[in-house]
Structure formats: structure tokens, C-alpha cells
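Please consider the following questions and answers on the interior of a protein model. The sequence and structure are shown first.

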Amino acid sequence: MRFLAAALLLPTILAEKLVIPEVQNAVDAQLAEFGAYTSDYVPSSTNDVPVVSPRSKENKVEERATTTTYWYETISHQGISAFNANKATYKVYRNVKDYGAKGDGKTDDTAAINKAISDGSRCAPGSCKSSSTTNAVVYFPAGTYVVSSSIISYYATNLIGNPNNMPILKATSGFSGFGVIDGAQYQAGGVLPYGSTNIFWRQVKNFVIDITSIPATTEATGIHWPTAQATSLQNIVFKMSTNSGTKHQGVFIEEGSGGMLNDLVFYGGLYGAVFGNQQFTVRNLTFNNAVTAIYQLWDWGWTYKSITVNNCTVGLDMATRGSSETVGSVTFFDSSFTNTKIAFNVSRSTKSTPTTGGSLAIENVALKNVPTAIQYGPTKSKLLAGTTGSTIIASWVSGNVYSPTGPKTTAGAITPPTRPAVLVSNGKFYERSKPSYAELPSSSFSSVRTGGAKGDGTTDDTAALQKVITAAASAGKVVYFDAGTYKVTKTLLIPAGSKIVGEGYPVIMSSGSYFNNMNSPQVVVQIGNAGDSGTVEWSDMIVSTQGPQAGAILIRWNLASPVGSPSGMWDVHTRIGGTAGSNLSLANCPSTPSSTTVNSNCIAGYISMHISKTAARLYLENVWLWAADHDVDDKSLTQIKVYAGRGLLAQSTVGTLWLVGTSVEHHARYQYQFSGTQNVFAGQIQSETPYYQPNPGARQPFTKNPDIDDPNFDISCPPGSSPATCSEAWGLRVSASKSILVYGAGLYSFFNNFSTSCSATGASSLCQTGIVQYDSASTKSFWIYGLNTIGAYGMVYRDTTKLADYSQNVNVFPSSIIAFTSNN
């Protein structure tokens, strides 16, 4: 059977489909060779989850060490889904052993694991498009879990293993399915469920996935993972056959708008990973003894950091198999290749179509015994020689390079940006994985529900939460937010020294008049007071608003962390509207393309996140700041119209900020703004302009506030002489800042008043005038690698001067610049 997947390259935006036939054909050619991986696994009807009988003859993959317990396994589980229709009985936490899984290396645990996932009328693939009320955490204690068919993940499911003794998912020799874990099970007709650009809020972490019992010549996959924002794979080991002719692959992603992958190790396989998605951030992946470590199917932009490739034939293969490029751009840095024949296989040339397709930026990549650094795939010729010894590629790019003096098409070395020493550790940009607190006992955690908070979405939990948070910081304990929705009516203060972790993305939801004055904005969650110093760790949570909250600053970070000890925020997201209980859903805030009236009840956030002037040294990873464009719980995912003022505002005077795999979407004035700050690493960043603009434009409903350096659209877009599309939200604005280094950016404007005609291929009028702006007077050393924009005429503006036009940089769907520098 031919690989069945509809419109894999297009950005599927709810009911709108932007199909690019010529590019789609090229992607189909790339995907054709993977047909055997899926051909037997498309169900004849929806929800066809196989039920299997126990088997007793599978051997354990290895002898297990003495089990070390993990605090999450032993802590009291009292989390709830506040707006679930059956919240009194619905289970957020599920231990697979409570559903009959043995983990003994002999019993077939497939049915028990799938029961643990599906229990409780959840959002199943094929029967539900998305849900904010059926989140679940499925926990696997240490053990070897034999599986004979796919573990079928549901919407908003976190699959979590014991990090102290990682559970093994061991595929049988006769395994059937597309992935030991199938993150989006193909439905009848070969259609992916949910809509891969709308698969949010899920994780898989702490596993060993072993497919070595499957014959090497049989197609087999570790994880199938089409996915979108606020999702991650972390701390997973993939074991595949190293035999000649192996057809195993570790991770397969063919669609979506991601996303974060980090701390993955791959052994063997034909492909360690096969990647195709709009944009992604990938960090700290190690590949050993694969034929090809990474096969890049397609993308608009992809950021690779800290990739280690050992003993492979090819490191990164991004060469097209057809006549047109399918990979838009790749930014690859701080990585190494050892004992590998070819580090990079590419197909881009001066004759490539589209003109910027296959763009590549390489920086600080070490080679040891790599004969060919960069190969031109069509002729197998060397574009850049390697070495039988050791060398470092300091910088090499292929694509269009821009500076204020104009563009240049380049295939070779360029002078890379100067990295501020404060952003670097051991020769690389600093990085830090999300803490699991694996060494701590459950007695080291303070549960907010045990401390008196209800999390039911109706009780005012402000005082109870503040009491637990303050006491835990004083006692050196970790605050544990049980699953739930915690309503607050005043500011929560997180003091220095706090460590906070959530279960299944619990929500802190602001509500009431305190947060509804646009002229007197108030903070929902505040990290430290101005002038405070110390560190905070915060992970796996959501901050949200309920009803009109025109003055709500969802997160403000004031804390200055000491040199060498940055604070961190991992998998913490903001969400404004679009979910049950928010009072900002379809019934409250429908899209109104035919009306110019602003519904004041849908003005729901002033700033999503503010890094204040006193803050310093903060690491963000996999953070999504989202003002909802659709109703997550509506069966048709119908578009809505919710107003949020500003996305991420960074004003830290000292700076020293790391933004790894972040996304900011649908805010009125801008998505990212760096103002009066310095020393920032960011990549991949991703944004979308509000779907309703220019009805109204960026001036409404939030008036300009000079105290926070709001963009002045009266200067950039003089009233009366500028098109309506001029005063729309900036995707990225840099003001009076220095050393702003962006390693991958996807900044998109798909809509004009809810219509996608402005971003379709060949559109006569685009969605907005400009999407990146910086000032010439005070901004210094501003760099972007892999800039990909959609729907904007001007890719980069210096003040009011357009420096880069979309039409000169056409790529597979976006327009692309492989490197931009503000330096002359």
C-alpha cells in the first residue's frame, strides 16, 4: 500500500487547508520509501486498538537492577480534572500495574497498558479532535513490559517512566503496529487523528524502547510522533538492530508544528530518527551505529543543538529524492560527528527549486575521522572535505545571507556571531534538562491539595496556594501541584529558593476584577520581588485566565539568579481562552469577521510573560505562550476571537537568557519583544499573528504603553497612508538591545480577518506588511539563523526600512533567510 497521509507539508489550520501541490508531490516522493512501515497498520475503522492475549515465552532484554523507587510512584495521588463531566470519578493518574500490567519480561502487557490509557471516556484517536478535560498521566514502574502491538496514546496523555530504573518497552518478534508507542494512530483511509498541528500538552519520558527482537529486515519503529506545541520526548533510549539490512527506526515524525525532543539516545537502526514537521527544536541527541542518524523528510525550519553522531554512515541526510527541495532550512550547531563517513548529505545548489530550499547553517561542529563533511547528494561530490583526524567547522552556510548592506547568496564559511561568554558553558551554549527530583523521597514534596487548595476551578485557592508555596520554600521542599485547575483572585508570589512541579499540566487560573483593569495591570504569578536574588525551578504547569482579564500579566519574572546558577522554567505554558471553564470559548467569544465591534468580555490578558528589568539569568525550555485561536473542546475546533495584548516581553537589564524551543502566538501587539536587554540565546522560536487582524489591527484593544516600550504603530504605519495590514503584531521586535542571537525562527501570518487567502501560494495580497523589526540606533549584534516567514512582505525591517523582501527568498512554503546580521 502507498503511504497514506493527506497534505503532509501543508499547515493544516483547522478547516482551512493550504495545499501546495508541487511541494506536496515532492514530499510524497520522500515518504514513498516509508510505505512499508505503515501499510499493515491502518485500521479498517476508527478506534481499532488491538486487544491481545498474554504470551509467556518472551525473554527479558536484560537483568534488572534492584528497583529504586521514584517519589511520583509513592506520593498520594489526588489530582482531578476540574471541568471533566465526571470529575468525581475521572482518574488523572493511572499506574499501568493497577490495570494488570506485570512488567515481568514475560507477560504480554499490551492490553493492560492500552486500558490504562483509554480508561474513563477519554479523547481517543478517531473519535475526538482534542480536549482540555481528559488529561492523564500514565505511570510505568520499573520493569520490562512486553508488547506485541502498539501502545496507542490518547490526546493530552503523559507517559512517564521511573527515571531511577527506566522501564523497558520490549517489542515481541511478531510485533504489529506503527511504533511501540503510536502517538497518533492512523485511521481508516490513512488519515492522522486530531490534526497534527493541534496535538498539544503531552509528554513521553524515562523509557527504554527495545525493538531488537523484531527481525532486522522487518520495518519497525520505536515512537510514531506527529505533534505540535507543548509536547516533548525526553530521556528515552532506543535499541534497534545493527545487523546488515536493518530496517528499524527510532522516532518517526511526518507532520505537525512542534515541539521539543531532548536527551534521547539511539543504538543501531537504518535511521535513528526520521523527521518531518513545520519546525522543531532538538537538543542532546546521541546516535550510535545507525546507517543514517537523521533523515530530514521535510521542514520549514529545524534547530539541532548538541547532537552526537558516532559510527554511522551518514549523520544528517537532508537531500531531496525528487526534483524539488522539501527541506526548508536547518540550523545545526554545538555538535560532533565521530567515525562517520558523511556528516551532512545535501542537495541544494544554485539551480535548486525553490530558490532557498535546502538552506543549511552549521556552527561549531566537531569532526573526528569524518572523511566527508558535506556531500552533494545528487553527484556524491564533496562540498566540504572532512578529515581523518580532528577538526571543527566554525561556520558554514548555504542560502541567502542578509545584512543592512544587502543580500548575498552563499555556500561556504561566514564569520559567525560573537557568543557572549555568559551564555556559554564548556564551549557550547548553556543547556539544562528539566529536573525530575529523582533522588528525593515523596516526603520532600508539599502537595497543594493536601495543603488545603481544591483545584476544582471554582474555589478561590489563592490563600491556600500561597501558604503552601511560602512554607515549602522556607522548609526546602518541592511544591507539588496535583492535577487540577486552581482559581486565584490575587497575585501568587513564588519566592527565591522555590521548586515547583506539576502533575498532568495543572492550571493556575486568574479570575475576577483584580486582573481586569487594563490601566492598572496586575500579575497572576510573580517570581520574586524586584531586587530579589536566588534561584527558582518550575516545571509542567499552565497559567491561564478566566473571562475578561484585560490587566492580567500571567507571569512576571523579577528574580536575579546568581552567576553560574540560572533559574529554570521547563514545560510551563500560558493559555488564554479556548478551553472548558475559561469562559473564553466558542459560546463566549465567537469569531466575528463581519463585525468591527470588540467584545470587552473577551479581552483576556495584558502580557503573557514579562521578564522584568531586575531579572537575570533565566533558562526557558519548551515554553508555549498561547492566546487561543480555536475552541479546544468544540468538536469542530471552531475559531474564536480572544484578545491578548503582548506575548513575551524581555526587559532584563543584565539579560543572560536562554529560550530553547519556545513559541508565542496570537497576541495583539507582538509575540516576542526584547527591549533594553542583552545576551540572549533563542532557538527555535515560533510565532503566529492573531487570526482576526487587521479586524482590529494592533492598536486595538490595547493602547500603547510607553512605560513598557510598546511599538509605536503610528510611526511605522502612519494613519491614513498605510494599508490596514501594516499595523499588525510583530512576530519579533528588538529594541535597544545587544547580543540577541536567534538560532532558528518560524514567524507566521496565515490569516487576514480569519481568511487564509493571503498566505496561499501565489496570493495577490499578503497578510501583513512586516514581521521582524529592530532599531538602528541602539540595537547591536542582532543575529538570526534560519529565519522563515509566511504571509509578510517584509521579512526584516530596520526601523521603517525594509531590508529583506519575501519574494527574493521563496522556499518550500515560507520565505527563508539562512543568516541575518544587523552588523554592517
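**Helix, core and cavities**

Q: Which residue follows α4, and what is the sign of its phi?
A: The model discussed here is predicted. Just after α4 the chain has a residue whose phi is near 100°, a positive value. That residue is G120, and the sign of its phi is positive.

Q: Which strands do the buried residues of α4 pack against?
A: The buried residues of α4 are T110, A112, I113, N114, A116 and I117. Their packing partners are the strands β3 (93-95), β4 (104-108), β5, β6 (144-152) and β7 (157-161).

Q: Is S130 buried or exposed?
A: S130 sits in the loop between α4 (110-118) and β5 (136-140). Buried means under 20% relative accessible area. Because the relative accessibility of S130 is 6%, this residue counts as buried.

Q: Which backbone oxygen lies 2.5 Å from a polar atom of the side chain of S130?
A: Leaving aside residues up to four places away in sequence, S130 touches C123, Y155, V632, D633 and L637. At 2.5 Å from a polar atom of the S130 side chain lies the backbone oxygen of V632.

Q: Which residues touch the most other members of the largest nonpolar core, and which strand gives the largest share of this core?
A: The largest nonpolar core holds 204 residues, and F275, W538 and L732 touch the most other members. The largest share of this core, 10 residues, comes from strand β15 (residues 292-310).

Q: What does W538 touch, not counting residues up to four places away in sequence?
A: W538 is one of the residues that touch the most other members of the largest nonpolar core. With residues up to four places away in sequence not counted, W538 touches I500, V525, I527, V543, I555, W557, G568, M569, W570 and V572.

Q: How many residues are in the second, separate core?
A: This core is separate from the largest one. Its members include F333, L741, Y785 and A819, and its size is 20 residues.

Q: How much space lies in the largest cavity?
A: Rolling a probe the size of a water molecule over the atoms shows where empty space is left. The structure holds 7 cavities of 30 Å³ or more. The space in the largest cavity is about 290 Å³.

Q: How do the residues of the lining of the largest cavity divide into nonpolar, polar and charged?
A: This cavity is lined by 26 residues, and S132, N135, Y505, V507 and R575 lie nearest its centre. The elements that give two or more residues to the lining are β30 (507-510) and β32 (537-545). The division is 12 nonpolar, 13 polar and 1 charged.

Definitions and conventions:
Residues numbered from 1 in each chain as written. Predicted model: local features only at pLDDT ≥ 70, side-chain atom pairs only at ≥ 80, totals over all residues. Heavy atoms only, no water. Core = buried A, V, L, I, M, F, W, Y, C linked by side-chain atoms within 4.5 Å. Buried < 20%, exposed > 50% of the residue type's maximum accessible area, 1.4 Å probe, protein only. Helix = DSSP H or I, 4+ residues; strand = E, 2+ residues; numbered from the N terminus. Contact = heavy atoms within 4.5 Å. Polar contact = N/O pair within 3.5 Å; in protein donor to acceptor, adjacent residues only side chain to side chain. 1 Å grid on protein atoms, 1.4 Å probe; cavity = no way out; pocket = protein on both sides within 12 Å on 5 of 7 lines; lining within 4 Å. Points joined across faces, edges and corners; volume = space filled by probe spheres on them. Nonpolar A, V, L, I, M, F, W, Y, C, P; charged D, E, K, R; others polar.
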